[in-house]
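Biologist: Please take a close look at one part of this model, the salt bridges, and go through them pair by pair. How many salt bridges does the structure hold, and which residues do salt bridges that share partners join into one network?

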Amino acid sequence: MTSLSDTKTQIVISNIRKIREYRNYTQDYLAAKLQISQNAYSKIELGYSNVTFTRLLDIAEILEVDITDMISADCEEIVQLKVSNSV
């Protein structure tokens with residue numbers, strides 16, 4: 001049985017990946033910005049590594065989204081917000 005925290009973690013990880021892809025950023029690009037290896041970054045997106053709050057803040061900054069949006073919304077909503085705000 002999956003816990004609520006596991007479910008929320010999967011949502012955040014999925015949002016990170018989808019927003020990264022929407023921005024056309026590679027894992028290599030984010031890894032370089034975070035000053036970690038691509039392999040270490042890949043483990044974040046796969047859910048193999050626990051992400052610290054500071055790391056999550058860094059990722060949100062690179063992806064140009066509010067951390068609250070990233071952890072509480074479906075990424076499609078975030079993308080729509082960004083597109084409508086930039087018009």
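Modeller: Helices here are DSSP runs (H or I, at least four residues), as strands are (E, at least two), and they are numbered from the N terminus. The model is predicted, so local features need pLDDT of at least 70 and side-chain atom pairs count only at pLDDT 80 or more, while totals for chains, interfaces and linings use all residues. Residues are numbered from 1 along each chain as its sequence is written, and side-chain values use heavy atoms, with hydrogens and water left out.

The structure holds three salt bridges, each being a side-chain nitrogen of Lys or Arg within 4 Å of a carboxyl oxygen of Asp or Glu. To begin with Glu-21, its side chain meets that of Arg-17 in a salt bridge, at 3.2 Å from N to O. Both Glu-21 and Arg-17 belong to helix α1, where four residues, or about one turn of the helix, separate them. As for their surroundings, Glu-21 counts as partly exposed because its relative accessibility is 40%, and Arg-17 also counts as partly exposed, because its relative accessibility is 32%; the term covers what lies between buried, under 20% relative accessible area, and exposed, over 50%, with a 1.4 Å probe and protein chains only.

Glu-21 has another partner in Arg-20, and in this salt bridge the closest N and O atoms are 4.0 Å apart. Arg-20 is classed as buried because its relative accessible area is 7%. Arg-20 in turn forms a salt bridge with Glu-45, their side chains meeting at 2.5 Å, N to O. This pair links distant parts of the chain, since Arg-20 sits in helix α1 and Glu-45 in helix α3 (residues 38-46), with the two residues 25 apart. Glu-45 is buried, as is Arg-20.

Taken together, Arg-17, Arg-20, Glu-21 and Glu-45 are joined into one network by salt bridges that share partners. Followed through the chain of contacts, the network runs from Arg-17 to Glu-21, from Glu-21 to Arg-20, and from Arg-20 to Glu-45.
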